[in-house]
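Trainee: Hi! Could you walk me through this one? I'm new to it.
Mentor: Happy to. Let's get it on screen.

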Amino acid sequence: MGRFHRHDDGTVHSHGDGDGHPHNHDHRDGRPTSPAGPAGGHGDLSGYATGAERIQVLEAIFGENDRLAAANRADFDAAGVHVVNLMSSPGAGKTTLLRRTLEHLCDHLRLGILEGDIETSLDADRLEGFGAAIALINTGNGFGGECHLDAPMVRSALPRLPLTDLDLLIVENVGNLVCPAEFTVGEHTRAMVYAITEGEEKPLKYPVMFRAVDLVLVNKTDLLPHLDVDLDAFHTNLHAVNPDVITIEISARTGTGIPAWCDWLTNRLTTTSHVGAR
Amino acid sequence: MHELSLCTSVAEIVTRHAAGRHVVAVHLQVGQLRHVVPETLTFCWEIATRQTPLAEATLDIDHVPVRIECRTCQAHHILDTPLLHCPTCAGHDLHLVTGQELHVTSIEVDDTPTPPDHPAAQPQE
């Protein structure tokens with residue numbers, strides 16, 4: 001089976017296994033990347049009449065993010081704080097869930113929230129008053145804002161949080177089912193909120209996100225009587241992309257399921273030695 | 001959706017490896033599980049490299065299919081949908097062999113002098 005290969009002009013073809021094709025077709029602006037030459041395939045420099053030279057790189061595009069994520073993780077571990085990366089589509093109920101979580105846990109745990117938002121402080125404002133340490137990251141920077149939090153952004157916000165005084169830090173990511181799954185920020189646990197209004201097929205459409213998480217909170221269950229949603233189909237689809245995932249059905253609006261979620265969170269802390277030791 | 005920030009990272013990697021030489025082409029491997037749209041990536045590359053020493057460098061994107069090995073029945077398959085189950089036994093315990101790549105594999109450089117009036121070689125944050 002050949003490897004799929006798409007060019008900037010929209011042409012698509014495959015390479016035979018182990019057999020680079022002569023790379024003499026035109027690219028974006030019509031210039032040949034490498035002039036036609038005998039056996040001028042990938043990795044072969046003999047066909048470059050212009051003296052072009054290939055330099056092997058083999059570097060992960062997310063390498064810098066991953067390095068800073070590791071640095072964040074080291075800081076979290078040194079401070080003894082467990083970090084949860086909370087993700088969802090926009091409007092799935094992350095902030096309402098966090099209010100409920102703060103209500104339940106603020107008396108038992110020292111909590112921090114790192115709030116990612118494209119432009120506003122609206123979400124952070126809704127979380128004030130519970131005694132939690134809150135830091136806001138606005139991701140807007142000219143192009144309408146980044147669609148996710150990445151490790152450098154989280155790192156830049158850490159000086160504004162009293163890490164050593166926290167047991168649990170929840171990172172509320174930007175609402176988006178695609179990008180946040182690609183960028184680890186150094187978290188110990190990944191969780192997401194899925195609202196039943198989103199449709200049963202979402203795990204199949206966004207498998208990277210649904211595969212990436214340890215837990216899915218199935219939110220807005222108070223709306224079940226008003227919807228045609230088939231929750232069994234959702235669970236089937238979810239387990240097709242993430243067989244080991246844990247689910248908890250909740251309603252952040254009514255509070256149903258919130259104790260189970262808070263118990264799960266607390267257990268994550270106590271099963272993590274760096275926090276449980278305190 | 002984050003193709004622009006991907007391109008910024010690619011430009012940083014390429015600039016570092018090119019060490020001042022003129023870059024003709026950049027070769028990427030992108031796994032099909034990566035949610036990267038090739039046309040968007042190419043478009044963002046033009047934006048991210050405009051008026052930089054990389055403005056003439058083309059992106060060559062090698063799309064890597066999703067290959068799995070089933071831990072239950074040991075079958076190997078290439079999946080053409082993101083439904084991660086074994087086509088042979090319908091099992092879900094899979095080893096993802098390929099499909100998550102996101103690498104700059106190589107660059108092509110030549111000795112064309114970079115115009116001296118180019119702005120700084122470092123891509124903007």
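Trainee: Which residue with a positive phi follows helix 2 of chain B?
Mentor: That's Gln51(B), with phi near 60 degrees. Keep in mind that this is a predicted model.

Trainee: And helix 2 of chain B, which of its residues are buried?
Mentor: Pro38(B), Leu41(B), Thr42(B), Cys44(B), Trp45(B) and Thr49(B). Looking down the helix axis, these buried residues fall within an arc of 170 degrees, so they line one face of the helix.

Trainee: Why would residues a few places apart share a face?
Mentor: An α-helix has 3.6 residues a turn, so residues three or four places apart point the same way.

Trainee: What span should helix 2 of chain B have?
Mentor: With 12 residues at 1.5 Å a residue, 16 Å is expected, and the end C-alpha atoms are 16 Å apart, which agrees.

Trainee: Switching to chain A: is Leu217(A) buried or exposed?
Mentor: Buried, because its relative accessibility is 0%. Leu217(A) sits in strand 9, residues 215-219.

Trainee: What does Leu217(A) touch further along the sequence?
Mentor: Beyond its neighbours within four places, its contacts include Leu97(A), Tyr194(A), Ile248(A) and Trp261(A). Ile248(A) is 31 residues away in sequence, yet the two C-alpha atoms are 5.0 Å apart.

Trainee: Where does Leu217(A) fit in the largest nonpolar core?
Mentor: That core has 29 residues, and Leu217(A) is one of those touching the most other members, as are Leu97(A) and Trp261(A). Helix 8 of chain A gives the largest share, 6 residues.

Trainee: How many residues are in the second core?
Mentor: That separate core has 28, including Leu28(B), Val30(B), Leu41(B) and Ile107(B).

Conventions: Residues are numbered from 1 along each chain as its sequence is written. Chains are lettered from A and ligands numbered from 1 in the order in which they are written. This is a predicted model: local features need pLDDT of at least 70, side-chain atom pairs count only at pLDDT 80 or more; totals for chains, interfaces and linings use all residues. Side-chain values use heavy atoms; hydrogens and water are left out. Helices (H or I, at least four residues) and strands (E, at least two) are DSSP runs, numbered from the N terminus. Buried means under 20% relative accessible area, exposed over 50%, partly exposed in between (1.4 Å probe, protein chains only). Contact means heavy atoms within 4.5 Å. The expected span of a helix is 1.5 Å times one less than its number of residues. The arc is that of the directions from the helix axis to the C-beta atoms. A nonpolar core is a set of buried Ala, Val, Leu, Ile, Met, Phe, Trp, Tyr and Cys residues joined through side-chain atoms within 4.5 Å.
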